Structure formats: structure tokens, C-alpha cells
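Hi,

Here's the structure I promised to pass on. Have a look at it first, then read my notes below.

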Amino acid sequence: MRADARRNLDALVDTARAVFAEQGVDAPARVVAERAGVGVGTLYRHFPQRSDLVVAVFRQAVEDCADAAAELSAEHEPDEALARWLLRFTGFVATKRGLAAALQSGDPAFEGLHPWFIDRLGGALTGLLDAASAAGTIRSDLDATQLLRAVADLCHGAPTVEQSQHLVGLLVDGLRWRATA
């Protein structure tokens, strides 16, 4: 891909992410294109269907969240890295409510995303859980998939990101209960 085309693609995904957060995944394509500084034709050349853009935004957000696990592990003690990553995941889930509805719409473009999401984020979380468990700072009977689901459930029950993060903070405190350290 040419450098200018790559820049346009990146700008469209980054801009769509912000526009979707503000207006939802049904925001007009022209708004995304205008804010990205490209024409609508450029948007449709990269993303012929709205679902293509939604998938690209979702995949990028998941990759960013999963990649943060390694960064946090390098900078913090295992239980602190876990807590910080769970709060980041909380922000991801809490700001993707409209995206979650689109992903569950039955559109064939979204098939396979949920298992990929669980695999990618579950893998990142498993590494964090294993490190914190090995350090003895969290309980050892945790499953990454169950914890992802628990955080998502807490986020969907709270009206704001801040309330979601507070609830997940309480959950993290519970993970430290019965730790072996």
C-alpha cells in the first residue's frame, strides 16, 4: 500500500473510532470522511460497506487493548499491571456499547469477531493473571474468559465509564482476596 493510502486508511480508522464514540456506529460516513480530511470516495474505496469500517475500528481497539498488557507488565508489578489493564478494558467495553449492538446484529461481516475478541483479549489477560497469581498477589482460581465476561457485565450495568471503573476496582479488590502472598 502506498504511504498516502496508508495514511488515509489510518486517519479514517482513527477518526471513525472518535466519531463512533461520540455519535454511534450509525454516524454519517461524510462526517467520518470530513474529519479525517479525505473525500467520501476515499472512505468507500477503503471500506465499501459500513460494516467494513466498523470491523476495522473494532479490531484496532481490541489490538490496542491487548497490546497494553505487555506494556503494563513491563512497567508495573503483576497485580498492578492486571488492575490497570482491567481498567483499560473497562474503558474499552464501556465506550463500545453501540458497537456491541452492531456486532450482534446478525450481519455476516461480523461473524468470527466474537471468538477472535475472546481469543485475543483472553490471551492478554491470561498472561497478566498468570503473572499475578505466580507472584501470589491474586487468587489462583481465575479464568480469563470468565473475568472478561464479568467486567463486561459490570460495564453494561453501569451508566457511566467512571461507575464502571469503580465497580471493576471493587472486583480487582476481590481478586486479591485469598491470595497466597
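What follows is a quick tour, from the overall fold down to single residues.

Before you start: this is a predicted model, in which local features need pLDDT of at least 70 and side-chain atom pairs count only at pLDDT 80 or more, while totals for chains, interfaces and linings use all residues. Residues are numbered from 1 along each chain as its sequence is written, and side-chain values use heavy atoms, with hydrogens and water left out.

**The overall picture**

The protein has 9 helices and 0 strands, so along the sequence you just read α-α-α-α-α-α-α-α-α (helices are DSSP runs of H or I with at least four residues, strands are runs of E with at least two, and both are numbered from the N terminus). The C-alpha trace spans about 60 × 35 × 30 Å along its principal axes. Of the 181 residues, 41% count as buried; buried means under 20% relative accessible area, exposed means over 50%, and partly exposed is in between, using a 1.4 Å probe and protein chains only.

The accessible surface comes to about 9400 Å², and 51% of that belongs to carbon and sulfur atoms (areas come from the Shrake-Rupley method with a 1.4 Å probe, and for residues only the protein chains shown count as cover). Among contacts with a separation of 6 or more, 69% are between residues 24 or more positions apart; a contact means heavy atoms within 4.5 Å.

**The core**

In soluble globular proteins, nonpolar side chains tend to be buried together. Here, the largest nonpolar core has 58 residues. By nonpolar core I mean a set of buried Ala, Val, Leu, Ile, Met, Phe, Trp, Tyr and Cys residues joined through side-chain atoms within 4.5 Å. The residues with the most contacts inside this core are Leu 82, Trp 85, Leu 86, Phe 89, Phe 92, Leu 121 and Leu 125. Two or more core residues come from each of α1 (3-23), α2 (29-36), α4 (50-75), α5 (78-94), α7 (113-134), α8 (144-157) and α9 (161-176). The largest share, 13 residues, is from α4.

Try clicking on Leu 86. Not counting neighbours within four places in sequence, Leu 86 is in contact with Leu 125, Leu 147, Val 151, Val 168, Val 172 and Leu 175. One of those partners, Val 172, sits in helix α9 and is buried at 6% relative accessible area. With residues up to four places away in sequence left out, Val 172 touches Ala 83 and Leu 86.

Then take a look at α2, where Ala 29, Val 31, Val 32, Ala 33 and Ala 36 are buried. Their cover includes α1, α3 (40-46) and α4. Just after α2, Gly 37 has a positive phi of about 80 degrees.

**Charges and salt bridges**

There are 18 positive and 24 negative side chains, and the centres of the two sets lie 4 Å apart. Lys and Arg count as positive and Asp and Glu as negative, with His and the chain ends not counted; each charge is placed at NZ of Lys, CZ of Arg, CG of Asp or CD of Glu.

The structure holds 10 salt bridges, each a side-chain nitrogen of Lys or Arg within 4 Å of a carboxyl oxygen of Asp or Glu. Which residues does Arg 176 pair with? One partner is Asp 79, with the closest N and O atoms 3.3 Å apart. That pair links distant parts of the chain, as Arg 176 is in helix α9 and Asp 79 is in helix α5, 97 residues apart. The other partner is Asp 173, at 3.6 Å from N to O; Arg 176 and Asp 173 both lie in α9, 3 residues apart, about one turn of the helix. As for exposure, Arg 176 is partly exposed at 28%, Asp 173 is partly exposed at 45%, and Asp 79 is buried at 18%.

Asp 141 and Arg 139 form another salt bridge, with closest N and O atoms 2.8 Å apart. Asp 141 is partly exposed at 46% relative accessibility, whereas Arg 139 is buried at 17%. Finally, Glu 63, Asp 67 and Arg 120 are linked in a network of salt bridges.

Have fun exploring!
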